[in-house]
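User: Hello! Could you walk me through the fold and the side-chain packing of this model, with the cut-offs spelled out?

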Amino acid sequence: MLNPVSPVLPSIESWFRKEFLSPRRLFFNVVFYGTQLALFSVGWYLQETNQRLAALNQLTYSVWVSRGAGLTLAFDAGLLLIPMLRNVIRLVRPKLIWLLPMDENIWFHRQVAYSTAFWAMVHTTAHYVNFFNVERTQVRLESALDIHYTQAGGITGHFMLFTMLLMYTTAHHKIRQQCFEAFWYTHHLAFFFFLALYSHATGCFVRDSVQPDYIKSFPFYSTRHCLGYESWRFIVWPGIAYFFERVYREYRARRETELSKVLVHPSGAMELRIIKPDFTYTAGQWLFLQVPEISRWQWHPFTITSAPEDPYISVHIRQVGDWTHALGERLGCGPSVVAAMTKAAMDGVEKEDGSKGMRRDFVELDAGCVTRPSPRIRIDGAYGAPAGDVFDNEVAILIGAGIGVTPFASILRHIWYRQQRGSVGLLRRVEFFWVCRDAPSFGWFQSLLHEIEVSQSDPNFLRINIYLTQKVKENMFWNIVVNDLGAEYDPLTLLHTRTMFGRPDWNCIYRRIQEAIEFGQYLPGRETQLRTRVGSYFCGPSALAAVIKEATQQHTSQSVVFSFSKEHF
C-alpha cells in the first residue's frame with residue numbers, strides 16, 4: 001500500500017533547503033536569529049543576576065523568560081518600521097544594493113513580523129504564569145486579575161495582542177487580494193500599537209519596591225525603583241523617522257495632478273494617463289494612487305507603465321475589487337463596457353484601424369461626453385524597483401504573468417527610447433515572456449509590442465515570447481485556423497511572433513539559453529573565458545516566481561550567471 005505522506009517529504013525538504021540552507025538565507029538566518037537569541041539571553045541574565053530584583057526573581061523561570069522575550073520584542077519592534085521607510089530606501093538603494101537586498105524590504109518586514117509574533121507568544125505566556133504566581137506566592141499583595149486589567153502593563157499588552165490579531169489575519173495574501181481595504185485599514189492600527197508599546201513599561205511591573213513608583217512627568221514612572229530596560233528610548237527613533245516620512249509623502253502627494261486621458265482595455269483593464277510636472281521616476285518603478293472621491297484614506301500600489309521619456313504617467317488597473325470597480329464606474333468604464341469588449345476579443349473579432357498589423361483593443365473615453373468632471377487624482381512615489389537594473393546585464397529576461405506585465409511595458413518602452421539614442425549600456429539581448437490566461441489581455445500592450453518589434457534593426461536583440469494558458473474557445477479556434485495559415489502576423493496578437501499555447505517549461509528555457517551562450521550561439525563575439533550575466537526580472541504570482549527562481553539557480557554555471565529579482569509592493 002502506498003504511503004500518502006511520502007510525496008510531501010521531498011517538497012518539504014526542498015522548501016527547507018531553499019529557505020534556510022541557501023548561502024544568502026543561511027547568512028541572514030544566522031545573523032538575524034542569532035541576534036535575537038543573544039538578546040533573549042542578555043535579558044534573561046540581567047534579570048536573574050540583578051540583586052535589587054531578588055524578590056521578583058522568586059518567580060524563577062517565568063520571569064526570566066518574560067524579560068528575555070520582552071527585550072527581544074523591543075528589538076523586533078524597532079526593526080518593523082525600518083523596511084517601510086520607502087523614501088530612505090529609494091535614496092540609498094543605488095549605493096547599497098551590492099551589499100544589502102534593498103528590493104526585499106517587504107520580505108524582511110514579514111520576517112520581523114513572524115519573529116514578533118513568536119516572541120509575543122513567549123512573552124505573554126510567561127507573564128500569565130508570572131501573574132498567577134504573584135497571586136499564589138504573595139510576592140506582592142496583588143491579584144492576577146488586577147495586574148491583567150487594571151495596570152498599564154496588562155492593559156497595553158492585551159491591546160497590542162488584539163491589534164496584532166487584526167493586522168496579522170488581514171495581511172494574509174488571499175485577504176489582501178480579495179479585500180485590500182481590510183488590510184489597508186487594519187495595518188494603520190500600527191499607530192496605536194506603537195503608542196501602546198512605548199507606554200507598556202509605565203505599569204512598572206519590574207521594580208524593587210512594593211508599590212509602583214509613579215511620577216507626574218514623562219515617562220510617568222521613576223527609574224529609581226522601576227528597573228525595566230527602558231528600551232523605548234531606542235526603538236522610538238524608527239517611529240519618529242516613519243512619522244516624518246509619512247508627513248513628507250502627504251505633502252508631496254498634494255501637489256497638482258491632472259487626469260488627462262482614460263483608455264479601456266479588454267478583461268477590465270483601465271489605462272489612466274496622468275500629468276504631474278514635477279514627478280520623476282525610472283522605468284519599472286511603481287507608485288501609490290489615491291482617488292479622494294472614492295476613499296479619502298486608501299492608497300493603492302500600481303506599476304508605472306509609461307517610460308520616463310513619455311510626456312505623461314500611465315498606470316494600468318484591472319477591475320477586480322471594490323475600489324477598482326468603484327473607480328471604473330466613476331470613470332464611465334464599468335462592467336458593461338468591459339464585458340462587450342471582452343466578448344468581442346474572446347470571439348477573435350479584429351478591430352482594424354487602417355494600419356497593417358495594428359488594431360485598437362481599447363476604447364478612449366471622451367471627456368467631453370462625460371457629464372461629471374474627472375475625479376481628482378493623487379499619486380505618491382515613485383518607489384522600487386529591481387527591474388530598473390536591466391542595463392547592467394548582458395542579457396535581460398523579462399517575465400510577466402497577466403497584469404504582471406505592467407512594469408515591463410515601461411522597461412520595453414524605455415529600452416526602445418535608449419535604442420534610438422544608442423545608449424543601452426551592457427545590454428545585448430532581451431528575452432520578453434508574457435504568460436496570459438485569456439486572449440483579451442493581449443490587447444493591453446499590443447500596439448506597444450508591435451511598435452517595438454517592427455523598429456528593431458537587429459532582429460536578435462529582442463525576442464518576444466507569448467503564452468496563452470487558457471483553453472481556446474471554438475470561435476477563437478476557427479479564427480486562428482482561418483487567419484494563421486500563411487499569414488505574416490499572428491491572428492491573436494498581430495505580432496510577427498507566434499503565440500504558444502500551454503504553460504512554459506522554465507527549466508527547458510533556461511537550459512537552452514545557458515547552452516546557447518556557452519556554445520557561442522547566443523551572443524556573437526562572446527569570449528568563452530568571460531562570465532555572462534543574465535538578469536531575470538519577474539512580476540506575477542509567488543508560486544510561479546519560486547519555479548523560475550529555482551530554474552535560474554539550477555542553470556547557473558561558472559560561465560553563465562543567472563540572477564533573479566521579483567517585483568514587490
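Here is a set of questions and answers on the model.

Analyst: Happy to help. This is a predicted model in which local features need pLDDT of at least 70 and side-chain atom pairs count only at pLDDT 80 or more, while totals for chains, interfaces and linings use all residues. Residues are numbered from 1 along each chain as its sequence is written, and side-chain values use heavy atoms, leaving out hydrogens and water.

User: How many helices and strands are there in the protein chain?

Analyst: Helices (H or I, at least four residues) and strands (E, at least two) are taken as DSSP runs and numbered from the N terminus. On that basis the protein chain has 18 helices and 13 strands.

User: What percentage of the residues in the protein chain is buried?

Analyst: Buried means under 20% relative accessible area, exposed means over 50%, and partly exposed lies in between, with a 1.4 Å probe and protein chains only. Of the 569 residues in the protein chain, the buried share is 49%.

User: In what order do the three strands of the antiparallel open sheet lie?

Analyst: Two strands pair if DSSP finds at least two bridges between them. Strand 3 and strand 4 (residues 300-303) pair in the antiparallel sense over four bridges, and strand 3 and strand 7 do so over five bridges. Strand 4 and strand 7 are the edge strands, each pairing on one side only. The order is therefore 4-3-7.

User: Which residue of strand 7 stands opposite Leu289?

Analyst: Start with the neighbours of strand 3: Leu287 stands opposite Phe302 in strand 4, and Phe288 stands opposite Asp380 in strand 7. For Leu289, the residue opposite in strand 7 is Ile379.

User: Why is strand 3 described as largely enclosed by the rest of the structure?

Analyst: Trp286, Phe288 and Gln290 point one way from strand 3, Leu287 and Leu289 point the other way, and all are buried. Strand 3 is largely enclosed because the number of its five residues that are buried is five.

User: At what angle to strand 7 does helix 11 run?

Analyst: Axes are lines fitted to C-alpha atoms, for helices over the stretch in contact, and angles run from 0 to 180 degrees between N-to-C directions. Contact here means heavy atoms within 4.5 Å. Helix 11 (residues 232-253) lies across strand 3 and strand 7, and its angle to strand 7 is about 125°.

User: Is the ring pair of Trp286 and Tyr383 stacked, edge-to-face or tilted?

Analyst: Rings of Phe, Tyr and Trp (its six-membered ring) pair if their centres lie within 6.5 Å; planes under 30 degrees apart count as stacked, over 60 as edge-to-face and the rest as tilted. By this rule there are 27 aromatic pairs. For Trp286 and Tyr383 the centres are 5.5 Å apart and the planes at 50°, so the pair is tilted.

User: How far apart in sequence are the parts that this pair ties together?

Analyst: Trp286 is buried, with a relative accessible area of 3%, and Tyr383 is buried too, at 2%. Trp286 lies in strand 3 (residues 286-290) and Tyr383 in strand 7 (residues 378-383), so the separation in sequence of the parts tied together is 97 residues.

User: At what distance from the ring centre of Tyr522 does Arg429 lie?

Analyst: A charge sits over a ring if NZ of Lys or CZ of Arg is within 6 Å of the ring centre and within 35 degrees of the ring normal. Arg176 lies over the face of Phe183 at 5.8 Å from the ring centre. Arg429 lies over the face of Tyr522, and its distance from the ring centre is 3.9 Å.

User: What is the strand order of the six-stranded open sheet?

Analyst: Its pairing is parallel, and seven bridges join strand 12 to strand 13. In one of these, Thr532 has Val560 in strand 13 as its bridge partner. The six strands have the order 11-10-9-8-12-13.

User: Which helix gives the most to the largest nonpolar core?

Analyst: A nonpolar core is a set of buried Ala, Val, Leu, Ile, Met, Phe, Trp, Tyr and Cys residues joined through side-chain atoms within 4.5 Å. The largest has 28 residues, and Leu398, Leu412 and Phe432 are among those that touch the most other members. With six residues, the helix that gives the most to this core is helix 14.
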